[in-house]
Amino acid sequence: MPRNIYDEDHESFRASVKEFVERTLVPRAEEMIREHRIPREVWLEAGKQGFFGLTIPEEFGGAGVEDYRFNAVLAEELAAFNAATASCFGIHSDITAPYVVALGTEEQKQRWLPKVVTGETILSIGMTEPSGGSDLAALKTTAVRADDGSGDWVINGSKTFITNGHQCDLAVVAARTDPTKGAKGISLFVLEAGDAGFTKGNPLDKIGQPESDTSELFFDDVRVPADRLLGPEGMGFVAMMQKLPQERLGNAIANIAGADQILRETIAYTKERKAFGQPIGTFQHNKFKIAELVTKVEVTQAYVDDCVTAHAQGRLTAVDAAKAKWWAAEVQCGVLDECVQLHGGYGFMTEYRVARAWRDARVHKIWAGTNEIMKELIGRDLGL
């Protein structure tokens, strides 16, 4: 069925993203896998194209667009290329930058946002800790006032699985500022690369998404001035809960877009690949299987599109975002597994895009809150 959520402006923007992917990303795909990162010049080129400033106000160098559908178009086209680029760029502009826009003072926004827009400053967000996983309220990283009356904060602790962690110039970090208040004792801080005591681990050796720079962050008596506090003290957990639905929706958008692209490539493969004298797609089992996969993708896309429309109108709930996140991840992993099977032995070769996509997708059931946590949120909403 036709998708009805985009108009001519969105499709014109899509064409510009496609052109960027073909001109800038595709020629460097193997290099990014080999180097375990997206090169700085690629970030700068994406910044020149305006991809990082869609929702950042014009006075800070952005486009000031309030229509989330443009974010969705960007996520779809990047995910059709590969999951890692969609993740890294999404963490930068679609997940972390909104914290600065929403919570930052005018001085903070003037200081940081213009270079976020250009890609000169790469952002990461430090939520997940080695002992906490999806339980953000249990974080152990601490921030206490310096005892010299200066108003400075001293931060200690660590974060793990941080996308853009090794390359980041700024990190928005959640820390406990009052151990007596539980979730209400968590605040957000902005740390700058080069702050004394702030170190980054080497990129982690992951099963998939090798292009994504994912690292640990360590804080050893990192002293930062009072103006590095982002938003009101004690409101960090609330801010994270308010922003997580957009992160989870972004995941759902990328997941189903990635599945759709690989499925299209798989269908083309089954029309060309022959066995026993005929294209493998004409075998009844394969034909029925492909029919099932196409239907799953299209039905899931319809729900995700409704969530995109709701978010663009300011009415997406956290529960609906949770539904979209876990279901799109589940469908993506299932579809890609079948696509590998349809490729036969070639589907297990990393030179084939289907193998890489299958490997890269597995984490989507884990990050941004595990699928189990998403189901817990939905169950609670049902009064269970």
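This tour moves through a predicted model, one selection at a time, from helix pairs to strands and then to two residues with an unusual backbone angle.

**Helices α1 and α4**

Begin by selecting residues 8-25, which form helix α1, together with residues 69-81, which form helix α4; their axes come within 9 Å and cross at roughly 30°. That angle makes α1 roughly parallel to α4, since angles under 35 degrees are counted in that class. If you look along the crossing, its hand is right-handed. To display the contact itself, show the side chains of D9, H10, F13, R14, V17, K18, V21 and L25 on α1, and on α4 those of R69, F70, V73, L74, E76, E77, L78 and F81. Coloured by class, the contact of α1 with α4 separates into nine nonpolar residues, one polar residue and six charged residues.

**Helices α7 and α9**

Next select α7, which spans residues 236-272, and add helix α9, residues 318-343, whose axis lies 8 Å from that of α7 at a packing angle of about 20°. The two helices are therefore roughly parallel to each other, and the crossing of α7 past α9 is left-handed. In the contact of α7 with α9, the residues comprise 17 nonpolar, seven polar and two charged ones.

Within α7, centre the view on N255, which belongs to this helix. Is N255 buried or exposed? Its relative accessibility is 1%, so N255 counts as buried, the cut-off for that class being under 20%. When neighbours within four places in sequence are set aside, the contacts of N255 are K325, A328, A329, Q332 and H364; selecting these five residues shows what N255 touches beyond its own stretch of chain.

Staying on α7, move to G250, another residue of this helix. G250 has a relative accessibility of 14% and therefore also counts as buried. A distance drawn from the C-alpha of G250 to the C-alpha of V308 should read 9.0 Å, although the two residues are 58 residues apart in sequence.

**Helix α10 and what covers it**

Now select residues 353-361, which make up helix α10, and pick out V354, A355, R356, A357, D360 and A361, which are buried. To see what covers these buried residues, add α2 (29-35) and α5 (83-103), and keep α7 and α9 in view, for these four helices are among the elements that cover them.

**Strand β5 and its partners**

Turn next to strand β5, residues 186-192, in which six of the seven residues are buried, so that the strand is largely enclosed by the rest of the structure. Adding strand β4, residues 170-176, shows an antiparallel pairing in which seven bridges join β4 to β5. A useful landmark in this pairing is A174, which stands opposite L188 in β5. Strand β8, residues 229-230, also pairs with β5, again in the antiparallel sense and over two bridges. Here L188 stands opposite L230 in β8, and L188 can therefore be kept selected while you compare the two pairings, as it faces A174 as well as L230.

**Strands β2, β3 and β7**

Select strand β3, residues 153-163, along with strand β2, residues 142-145; they run antiparallel and are joined by four bridges. Which residue of β3 is the bridge partner of T142? It is N156. Then add strand β7, residues 214-224, which runs antiparallel to β3 and is joined to it by eight bridges. In this second pairing, G157 has F219 of β7 as its bridge partner.

**Two residues with positive phi**

Most residues other than glycine have a negative phi. With that in mind, select N164, which is not a glycine yet has a positive phi of about 70°. N164 is located in the loop between β3 and β4, and at 1% relative accessibility it counts as buried.

The last stop is D221, which likewise is not a glycine and has a positive phi, of about 50°. D221 is part of strand β7, and its relative accessibility of 48% means that D221 counts as partly exposed.

Key: Residues are numbered from 1 along each chain as its sequence is written. This is a predicted model: local features need pLDDT of at least 70, side-chain atom pairs count only at pLDDT 80 or more; totals for chains, interfaces and linings use all residues. Side-chain values use heavy atoms; hydrogens and water are left out. Buried means under 20% relative accessible area, exposed over 50%, partly exposed in between (1.4 Å probe, protein chains only). Contact means heavy atoms within 4.5 Å. Axes are lines fitted to C-alpha atoms, for helices over the stretch in contact, and angles run from 0 to 180 degrees between N-to-C directions. Angles under 35 degrees count as roughly parallel, over 145 as roughly antiparallel, 65 to 115 as roughly perpendicular and the rest as oblique. A crossing is left-handed if the near helix is turned anticlockwise from the far one by less than a right angle, and right-handed if clockwise. Ala, Val, Leu, Ile, Met, Phe, Trp, Tyr, Cys and Pro count as nonpolar, Asp, Glu, Lys and Arg as charged, and the others, Gly among them, as polar. Two strands pair if DSSP finds at least two bridges between them.
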